[in-house]
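User: I would like a close look at one part of this structure, explained for a first-year student. Please begin with a single residue and work outward from there.

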Amino acid sequence: MAQWIDACATDDIDEEDLIRWDHAGHTYAIYHSPDGEFFCTDGQCTHEQVHLAGGLVMDYTIECPKHNGQFDYRTGEAMRPPVCVNLRTYPVKVEGARVWVEV
Amino acid sequence: MTHRDYSLLGEDARRAVETGLTAAEWYHTDVPRKEMKALMQRTDMPAIRDTIILYGSMIVFAAIGVALWPSWWSAPFWLAYGVLYGSAMDSRWHECGHGTAFRTKWMNDVVYQIASFMIMRNPATWRWSHARHHSETYIVGRDPEIAVMRPPALLKLILNFFGIVDVLTAVPRMVYNAFVGVHPSEKTFVPESEWPKVVRAARLHLAIYAATLLAALWMRSILPFMIIGLPRLYGAWHHVMTGLLQHGGLADNVVDHRLNSRTVLMNPISRFIYWNMNYHVEHHMFPMVPYHALLRLHDAIKHDLPAPNTSIADGFREMWPALMRQLRYEDYFVKRELPATAKPYREEFHAAA
Ligand code: FES
């Protein structure tokens, strides 16, 4: 059953950036958008097994560091080849200075 | 001595998957996240400036070429036009394919489509082949973009300075894609959802060449082909010259771009035509960094890379004898010295190289 997990502090992630977060044998990416919101997706690109944490956040997209595929990290939508399969996303809430993810 | 099977459906391809080479982690120089983020930043201005200069010069050179046609005085203008068409389009195809040249997506897409047509590459197929080239650079049987196979086919390489082999491969493939569909070897790296795009692009390209042919017949002149199509032959030499240097004579079946790619310092005109892809180790290690930031990336990581070749001639002086040796002994490759400040090559991965 899904549960809320305290993942990181809000100031662990610069604005317009992301970090890797590993929990219970799974890897995730947590994003801090340019307007201060937080989002969470699976950590690995859906094209090949590459972690998105080395990628580039531009506005609401994450660009994969391997072949520059892009996703909208709010919805997980694959936006630019070579990615064709959407990323899974997870609900996020901020309480105080902590970011919680429902996994 | 091993004999290499470069077929994407062959024995080496199967072995690369079986031995885990295709899944191995590639070496990356450590760059602090803040610095890397700054290097990856996208902006439109440098590419807008370069694109205006590029297409503006092409229009001027072609217009003068047409005005002076059929006099020999037109030749230098065709040569200049040709190198921008038959060589600079290779780097524009490349950078815009990565989506890094411009910040704005549609600008990358427009230049990518135009450049793909001019360089005679199917924009859908080649996007995927290039992704594979980055995942599995110079892994035999897996990388569809190995320019210099072993033993090197020297006659082919030389003919390709005039685009001959490329065009003789590209035209039948375009016709095949337009009328039959995606080729079985392309199906190994192009996902099925993209196959209709391959066919559509091939048909569009074919239609443009058919229109050029009609114009040539109507005018009873090859002039239309001097503008569309032929420059892919008479202007190809520069991209072949720089392209051979990217990986020629270096290791294959390794997972460290310092061993299989070459950085070559070049004059500013070649760098404009090549859009800084002479910083090739840097580009392969960090494909997120746009062409205009590669000099800065080079400065940030050069302590961890072999010293670059100092000129195109210096690169050829290193590569050409290696290709000659590979004619007799195809396992030979140049292994460049790392500076004392670099992390060593991971020999455990590369024993077979
Ligand atoms: S691994 Fe992410 S785009 Fe290829």
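Analyst: In this predicted model, B:E186 sits in the loop that runs between helix 8 and helix 9 of chain B. Its relative accessibility is 5%, and the cut-off for a buried residue is under 20%, so B:E186 counts as buried. The side chain of B:E186 makes a polar contact with the side chain of B:N177, at 3.2 Å. If neighbours within four places in sequence are left aside, B:E186 is in contact with B:T125, B:R173 and B:N177.

The loop of B:E186 leads to helix 9 of chain B. Helix 9 covers residues 195–219, which is 25 residues. At 1.5 Å a residue the helix should span 36 Å, and its end C-alpha atoms are 37 Å apart, so the expected and computed values agree. The buried residues of helix 9 are B:V198, B:V199, B:A201, B:A202, B:H205, B:Y209, B:T212 and B:A216. What covers them includes helix 5, helix 6, helix 8 and helix 10 of chain B. After helix 9 comes B:R220, with a positive phi near 50 degrees.

Helix 5 of chain B, one of the elements covering helix 9, can be described in the same order. For its 14 residues the expected span at 1.5 Å a residue is 20 Å; the end C-alpha atoms are 20 Å apart, so this helix agrees with expectation too. Its buried residues are B:M107, B:N108, B:V111, B:Y112, B:A115, B:S116, B:F117 and B:M118. Among the elements that cover these residues are helix 3, helix 4, helix 6, helix 9 and helix 11 of chain B. Just after helix 5, B:M120 takes a positive phi of about 60 degrees.

Helix 6 of chain B is among the elements covering the buried residues of helix 9, and also among those covering the buried residues of helix 5. Helix 6 has a place in the contact with chain A as well. That contact takes 23 residues from chain B and 24 residues from chain A. The two chains bury about 1800 Å² between them, with 49% of it on carbon and sulfur atoms. There are five salt bridges between chain B and chain A. One of them joins B:R42 and A:E63, whose closest N and O atoms are 2.9 Å apart. The count of residue pairs in polar contact between the chains, with both residues at pLDDT 80 or more, is 13. On the chain B side, the elements that give two or more residues are helix 2 (33–40), helix 4 (75–98) and helix 6 (123–135). Helix 6 gives the most, with five residues. By type, the residues of this side divide into eight nonpolar, eight polar and seven charged.

Across the contact is chain A, where A:V101 can be examined as B:E186 was. A:V101 is in strand 11 of chain A, residues 98–102. At 0% relative accessibility, A:V101 counts as buried. Not counting residues up to four places away in sequence, A:V101 touches A:Q3, A:W4, A:I5, A:A7, A:W21, A:I30, A:C40, A:Y90, A:P91 and A:V92. A:V101 and A:C64 are 37 residues apart in sequence, and their C-alpha atoms are 22 Å apart.

Some details of the backbone remain. Most residues other than glycine have a negative phi, and most peptide bonds are trans. A:A24 has a positive phi near 50 degrees. This residue is in the loop between strand 2 and strand 3 of chain A, and it counts as exposed, because its relative accessibility is 71%. A:N68 also has a positive phi, near 65 degrees. A:N68 lies in the loop between strand 6 and strand 7 of chain A, but its relative accessible area is 0%, so A:N68 is buried.

Each chain also has a cis peptide bond to describe. In chain A, a cis bond joins A:P81 and A:P82, with omega about 10 degrees. A:P82 lies in the loop between strand 8 and strand 9 of chain A. In chain B, the peptide bond from B:W69 to B:P70 is cis, with omega near 5 degrees. B:P70 is found in the loop between helix 3 and helix 4 of chain B.

Conventions: Residues numbered from 1 in each chain as written. Chains lettered and ligands numbered in written order. Predicted model: local features only at pLDDT ≥ 70, side-chain atom pairs only at ≥ 80, totals over all residues. Heavy atoms only, no water. Contact = heavy atoms within 4.5 Å. Buried area = accessible area lost by both parts, 1.4 Å probe. Salt bridge = Lys/Arg side-chain N within 4 Å of Asp/Glu carboxyl O. Polar contact = N/O pair within 3.5 Å; in protein donor to acceptor, adjacent residues only side chain to side chain. Helix = DSSP H or I, 4+ residues; strand = E, 2+ residues; numbered from the N terminus. Nonpolar A, V, L, I, M, F, W, Y, C, P; charged D, E, K, R; others polar. Expected span 1.5 Å × (residues − 1). Buried < 20%, exposed > 50% of the residue type's maximum accessible area, 1.4 Å probe, protein only.
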